[in-house]
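User: Could you teach me how to read a few features of this structure, one at a time? Please give me the general idea before each case.

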Amino acid sequence: MADGRLTITVLGSGTSVGVPTIGCHCAVCTSIDPRDKRLRPSILICWDGHSVLIDTGPDFRQQALAAGIERLDAVLLTHAHADHIMGLDDVRPLNFHMSGPIRVYGSADTIDIIRRTFHYIFDTRPTESSIPKIETCVFGGAPIRIGNLDFEPIRLAHGHGMVHGFRFGSAAYLTDHSGIPPESMEKLRDLDVLFLDALRHRPHPTHSTIEDSLVTVTALKPRRAFFTHICHDLAHEATEAALPANVRLAYDGLVIEVDNPPLHKFRVFRSLQEVPADFGPCALTIGNFDGVHAAHRSIMRRVASVAHEHGWQAAVLTFDPHPAMVVAQEKAPPLLTSIEQRCELMRETGLDEVLVLPFTKELAALSPEQFIRDIAVERLGARAVLVGHNFRFGRGAAGDTAMLQELGQRYGFEVETYPAVDCRGTLISSTQIRRLISAGEVTDAWRMLQRPFALEGEVVPGEGIGSRQTVPTLNLSEQTGLVPLAGVYVTRTVDLDDGRKWRSVTNVGFRPTFEGQHLTVETFLLSTFDGRAPARIRVEFLYRLRDERHFENAAALKSQILRDVGRAQQFHRRTTKMLR
Ligand SMILES: [Zn+2]
Ligand SMILES: [Zn+2]
Ligand SMILES: [Zn+2]
């Protein structure tokens, strides 16, 4: 859904004990109106292929099944009361379908309670049972960027405690609260959709009533308001009949569409001259970032959160061509990603700006101090520089992280460095991933990249085996970067123009030509394409099936292809949910 639409699904609209309430025989608890059945409060937000859940209450399993949740980009927690967190363990099946841990965002207090309540998830003792894979992230006042959408935490009073709601685009979700501080009211202007706590009519020390929330609606004037966290005092139909037309009671399963949320603007500059004079201040990371792998991404997410915490820009300084091409061309590795792919992946991590510096001999000749002072500090206004532990910079790569610390003190910026990240016993690095792909180990590379390694290009007329077969076959144009070891792979093929996706099997091989050998990447789709043949494709490498082999005759080849297709179908069935 790349059309700027966002949908909100109400997974639960009930108060902490749910409706019907255990042991109660009141008119609402025994009502046959399905809108009077209220699970514990939670919503699901979907846009552009992303999905975010707010709160994992005790009914999460049932809600996830009803909404068909298969993967989540993040869980945001409003606070740590039991009715909002006790279903967290049930994210486990999502871990099987997703390649990395699920990120769970909460305030420092909330995350502290999560870590104590679910201590078995976080203690490092080995266990025989399956536990959720969770990465906890503490938010401050700054927006949390997920995909291309910002979620701004909104502070709310909940009795004597302080909890959070979230604003995202032109929608806001404020469940449990008894008061909205003035500075939070300011952040809730111009809303299309506003969710508010409305427990019942009678006053309550920690919750808003219908009457309280009607006052909020009058003050904020959202286009539409939905009341939630409802107890068994309120019958859906009768209560709604007495409300203004733009105020409705939420109910479980309600889906709301929000128009055109203002999505994050992302800018790429291709030279220092393109950078506007008033650029910055910024939090900055510097590097080649070939592959934008798991370790790169965790630094980039940190850059975004440091920057947004302070109201700065989140920026990356990277180079094109790869410095090795200029310094020692014969040693330059074939790259995992083109500069265009790198920029797109950086955008997804929540960064605001990428400066792609042409890596020239002049740039390579700058001393470490000149490089940092003239470019990072004076030109980009860096207030914080965050880099990997092995970061080197300046002429002859003479600068290291110790020197960066020194320069930080001299020129007034913070420095954070990050240790290497381990993936099943191997340190993640671009070099290691290149090695894996060259060896055909595409599944291990997928794990380190947190997405499958892919080749992109135009579809060209084929000369190979597939063009004589009946299966739809797509030949990829010549590749300049890294290519997996010759052989046959389970792949997924994506039409770069309209996003259509197909299960596929791909043969990477060499064919003799007049000049010698000629690399071919030939993809067999496992289903036919509806409509026109794709012109530009991305081929994602998931699993290596076998070596390339020579066949005695067409029948032997055909039976091997059938076996490959069978194994590929099996692999796809098992892993389809891991892919976005
Ligand atoms: Zn609650
Ligand atoms: Zn009742
Ligand atoms: Zn609460």
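User: Let's start with T426. In which strand is T426 found?

Analyst: Strands are DSSP runs of E with at least two residues, helices are runs of H or I with at least four, and both are numbered from the N terminus. T426 belongs to strand β22, which covers residues 426-427. Before we go on, note that this is a predicted model: local features need pLDDT of at least 70, side-chain atom pairs count only at pLDDT 80 or more, and totals for chains, interfaces and linings use all residues. Residues are numbered from 1 along each chain as its sequence is written, chains are lettered from A and ligands numbered from 1 in the order in which they are written, and side-chain values use heavy atoms, with hydrogens and water left out.

User: How is T426 classed by accessibility, and which residues does T426 touch?

Analyst: Buried means under 20% relative accessible area, exposed means over 50%, and partly exposed lies in between (1.4 Å probe, protein chains only). T426 has a relative accessibility of 30%, so it counts as partly exposed. A contact means heavy atoms within 4.5 Å. Not counting residues up to four places away in sequence, T426 touches V421, Q432 and M448. T426 and M448 are 22 residues apart along the chain, and their C-alpha atoms are separated by 9.5 Å.

User: On to the metals. Which residues are the protein donors of the zinc ion (ligand 2)?

Analyst: Donors are N, O and S atoms within 2.8 Å of the metal (3.2 Å for Na, K and Ca); water is not among the atoms, so sites may look incomplete. For the zinc ion (ligand 2), the protein donors are C24 (SG), C26 (SG), C29 (SG) and H232 (ND1), at 2.0 to 2.3 Å. Their spacing in sequence is C-x1-C-x2-C-x202-H. C29 lies in the loop between β1 (6-12) and β2 (42-47), while H232 lies in the loop between β12 (224-228) and α8 (236-241), so this pair links distant parts of the chain, 203 residues apart. C29 is buried at 7% relative accessible area, and H232 is partly exposed at 25%.

User: What is the arrangement of the four donor atoms around the zinc ion (ligand 2)?

Analyst: Four donors count as tetrahedral if all angles lie between 85 and 135 degrees; four count as square planar and six as octahedral if opposite donors are over 155 degrees apart and all others between 65 and 115; anything else is irregular. Around the zinc ion (ligand 2) the angles are 104 to 115°, which makes the arrangement tetrahedral.

User: Which are the protein donors of the zinc ion (ligand 1)?

Analyst: They are D83 (OD), H84 (NE2), D176 (OD) and H229 (NE2), lying 2.0 to 2.2 Å from the ion. Along the chain the pattern reads D-H-x91-D-x52-H. The angles among the four donor atoms run from 91 to 160°, and this site is irregular. D176 also bridges the zinc ion (ligand 1) and the zinc ion (ligand 3), which lie 3.5 Å apart. D83 and H84 are buried.

User: How many aromatic pairs are there?

Analyst: Rings of Phe, Tyr and Trp (its six-membered ring) pair if their centres lie within 6.5 Å; planes under 30 degrees apart count as stacked, over 60 as edge-to-face and the rest as tilted. By this rule there are 14 aromatic pairs. One of them, F319 with F359, is edge-to-face, at 5.5 Å centre to centre and 85° between the planes. Both F319 and F359 are buried. Another, F371 with F393, is tilted, with 6.5 Å between centres and 40° between planes. F371 and F393 are both buried too. F319, F359, F371, F391 and F393 form one aromatic cluster.

User: Which residues of the largest nonpolar core touch the most other members?

Analyst: A nonpolar core is a set of buried Ala, Val, Leu, Ile, Met, Phe, Trp, Tyr and Cys residues joined through side-chain atoms within 4.5 Å. The largest has 29 residues, and L284, I286, L317, F371, I372, L380 and L404 touch the most other members. Helix α13 gives the most to this core, with five residues.

User: Last one: how do I read the pairing of β11 and β12?

Analyst: Two strands pair if DSSP finds at least two bridges between them. β11 and β12 are parallel, with five bridges, and L194 has A225 in β12 as its bridge partner. Four bridges join β10 (residues 171-174) to β11, also in the parallel sense. In β11 (residues 193-197), five of its five residues are buried.
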